[in-house]
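Open the model in your viewer and keep the sequence panel visible. The stops below go from strand to sheet to helix.

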Amino acid sequence: MNITLELATKLIVTQFPEYAELNVTEVELQGHDNRTYRIGDDMLIRMPTAESYALKVPKEQELLPKLAQHLSVAIPAPIKMGKPSEDYPYPFSIYQWLDGRSANHVTLDESALENLAFDLATFLKELQAITDVAGPGPGQHNWWRGDHVSVYDEGAREQIVNLADAIDSNSALEIWARACTTKWNKAPVWIHGDFAAGNFLIKNNKLSGVIDFGGTAVGDPAPDLVIAWTYLNGNARDVFVAEMGLDDDTWLRARAWVLWKATFELCNIADKNSLEALFLKRSIDEVINEWR
């Protein structure tokens, strides 16, 4: 959808007139799934860009306050839920504003990155330890994060084969095949579902918040572990792996999740030597080389 500042302002004025006098402003970085605008100093409006993303709005509204009680790091706090209208066809959310900058736009030195790795592992372990909040299983609503990685078996194999000239496709296929023979043999746990650098807020070089729980579900924790290769590196990666304390099979499935997503994105990039493509190839290479 063509979501604009003007549309956001109109929705606020018409559906939440108590906020009509507050200034609505652009934010530093817009995401793909949602458009976000700041309301005054203490709130934001978050608007899904498509119907599939709008499915996540009621889920977040219901679950986030329950999950927040168990987490030591701030997560989005819903204030209001907007309704579909003639101006905008999907539900949307008003959230409390969280301070911090996206980790994608912050440069951390080695020590700070190691500390962040520890904090990220702590967050995931707190999330996985929640047992008194019922949650949805994996499905279309979160692109099957938390399901068995083989849900993407056909597509992943095709992607890897199509990239034979750009990556070590034989090793990638071997990792994928082995991962598909393993499974999470414990009780399903809470996952974030999109545990990526763009969803980490950094303030004073420390983790100040984790956002975008649209992919949350209860299942296999492997998809959340991809951050070890998609953002962390060196000693920070080692810290994260050690702190999570998970079995080798779970890490193997995490590698497979990296391969599926990275090869999917790489297949859709024409210039395989672009900066974006080189980053994806490096992630794939590290997943393969560290496994050998």
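Select K206 in β9 (206–210): its bridge partner is K203. This is a predicted model, in which local features need pLDDT of at least 70 and side-chain atom pairs count only at pLDDT 80 or more, while totals for chains, interfaces and linings use all residues. Residues are numbered from 1 along each chain as its sequence is written, and side-chain values use heavy atoms, without hydrogens and water. Helices (H or I, at least four residues) and strands (E, at least two) are DSSP runs, numbered from the N terminus.

Next, show β8 with β9: they pair in the antiparallel sense over 4 bridges. Two strands pair if DSSP finds at least two bridges between them. Add β6 to see the open sheet of 3 strands, in the order β6-β8-β9 with antiparallel pairing. Because β6 (101–102) and β9 stand at the edges with a single partner strand each, one side of each has no neighbour in the sheet.

Now select α4, residues 110–128. Its 19 residues should span 27 Å at 1.5 Å a residue, and the end C-alpha atoms are 27 Å apart, which agrees; the expected span is 1.5 Å times one less than the number of residues. At the start of α4, a side-chain oxygen of D109 comes within 3.2 Å of the backbone nitrogen of S111.

Colour α4 by burial (buried means under 20% relative accessible area, 1.4 Å probe, protein chains only). Its buried residues include L113, L116, L120, F123 and L127. Among the elements covering the buried residues of α4 (by contact, heavy atoms within 4.5 Å) are α3 (56–68) and α8 (234–244).

Technical notes:
Buried < 20%, exposed > 50% of the residue type's maximum accessible area, 1.4 Å probe, protein only. Polar contact = N/O pair within 3.5 Å; in protein donor to acceptor, adjacent residues only side chain to side chain.
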